[in-house]
Amino acid sequence: MADLYRNADQVKFYASTRPTYPPELFHFVASKAPSRQLAWDAGTGSGQAAVSLSSLFDSVVATDSSPEQISQAPTHLSNIRFVVTPPSLSLADLHRLVAPPGSVDLITVATALHWFDIPAFFEQARSVLRRPGGVLAAWCYDSIVLCDGGRVEEIYRRLMEATRPYVVEDIRAIAEGGYAGVEFPFEAVEGVEEGTAPVRRFAVEREMGVEGLISFLKSGMGYQRARAAGVELVTEEVLDEMKKACEEDGEEVKKVKFPICLRIGRMGSS
């Protein structure tokens, strides 16, 4: 992901277009932690999740491999420590740069787990989580829903489908279904749906016009990789078509629902 957002304008655009996560998500994951001393937000980007965690934990360490993303993180919160880490991190370096063994109450990964070397990351997580009870929580967006979207939603779905060939298949497979296919080496926590891959579902709603919808699409991997390949998926014709459809609906903005799927588990005593 760091390779897709290398300049300051791209990073600012990404940070400004992604919806915030709902407070109830953070309160839920924090309620499962054994204490509120230390949280680690891995793949923090510009610090969106870390900011929310800072009001719930004494200290937060927020890491990312992209210095450009970290450069856009807020600097006014004294209990957040932002750290740029290399993509590959030894356990010794993890304990030196991030946290000592067995000291972290909660690890969060907000819409980023699919970018990681997951087995290696889980090994790192298990080395720093508190035993017993330290919690790992990873979540991602599911497909957005335009409430009463009508023709506008049809056009948007068509655009999203056009981005699919430019999304790395392995990454898409991991993220789809809320990480349901990921082998999760942590014990279950209370309050999640039962199934082959227990999840907890949340959602955030926003009102968005055509420009907001297009900006969100443009912030995604599929559009960014298509553009890097010299392909412009959002043409003037498509924009005009969507604006006309919005006018025909008689609504300048649409209510948009962003479903969020959470995988969460905790460390046992062994």
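## A tour of the predicted model, stop by stop

Start by selecting Pro-67, which is found in helix α4; helices (H or I, at least four residues) and strands (E, at least two) are DSSP runs, numbered from the N terminus. This is a predicted model, in which local features need pLDDT of at least 70 and side-chain atom pairs count only at pLDDT 80 or more, while totals for chains, interfaces and linings use all residues. Residues are numbered from 1 along each chain as its sequence is written, and side-chain values use heavy atoms, with hydrogens and water left out.

**Helix α4**

Pro-67 has 40% relative accessibility and counts as partly exposed. The scale is this: buried means under 20% relative accessible area, exposed means over 50%, and partly exposed is in between (1.4 Å probe, protein chains only). Now add Arg-201 to the selection: 134 residues separate Pro-67 and Arg-201 in sequence, and their C-alpha atoms are 31 Å apart.

Move to Gln-69, also placed in α4, which covers residues 67–70. Gln-69 is buried, with a relative accessible area of 3%. Its C-alpha atom is 8.3 Å from that of Lys-12, although the two residues are 57 apart along the chain.

**Helix α2 and the cores**

Select residues 23–31, helix α2, where Leu-25, Phe-26, Phe-28, Val-29 and Ala-30 are buried. What do the buried residues of α2 pack against? Show α3 (48–54), β4 (106–110), β5 (135–141), β7 (200–208) and β8 to see these partners. Contact here means heavy atoms within 4.5 Å.

Next, colour Phe-57, Leu-106, Trp-139, Leu-262 and Ile-264, the residues with the most contacts inside the largest nonpolar core, which has 52 residues. A nonpolar core is a set of buried Ala, Val, Leu, Ile, Met, Phe, Trp, Tyr and Cys residues joined through side-chain atoms within 4.5 Å. Centre on Leu-106: not counting residues up to four places away in sequence, the residues it touches include Val-29, Ala-30, Leu-53, Phe-57 and Val-135. Another core, of 29 residues, lies apart from the largest one, and Val-83, Tyr-179, Phe-184 and Met-267 are among its members.

**Two backbone details**

Go to Thr-111, in the loop between β4 and α6. Its phi is near 50°, a positive value in a residue other than glycine. Thr-111 is buried, with a relative accessible area of 12%.

Then select Pro-132, in the loop between α6 (118–128) and β5. The peptide bond leading to Pro-132 from Arg-131 is cis, with omega near -10°.

**Helix α11 and its end**

Select residues 236–249, helix α11; at 1.5 Å a residue, its 14 residues should span 20 Å, and its end C-alpha atoms are 20 Å apart, which agrees. The expected span is 1.5 Å times one less than the number of residues. Val-238, Leu-239, Met-242, Ala-245 and Cys-246 are buried in α11. These residues cover an arc of only 130° around the axis, so they are on the same side of α11; the arc is that of the directions from the helix axis to the C-beta atoms. They pack against α7 (150–163) and α9 (210–218). Turn to the face of α11 away from its buried side to find the exposed residues Glu-236, Glu-237, Lys-244, Glu-247 and Glu-248. Just after α11, Gly-250 has a positive phi of about 75°.

The last stop is Lys-254, in strand β8 (residues 254–266). Is Lys-254 buried or exposed? Lys-254 is buried, with a relative accessible area of 2%. Its side chain makes a polar contact with the side chain of Asp-249 (2.9 Å). A polar contact is a pair of N or O atoms within 3.5 Å; within protein, one must be able to donate a hydrogen and the other to accept it, and residues adjacent in sequence count only if both atoms are side-chain atoms.
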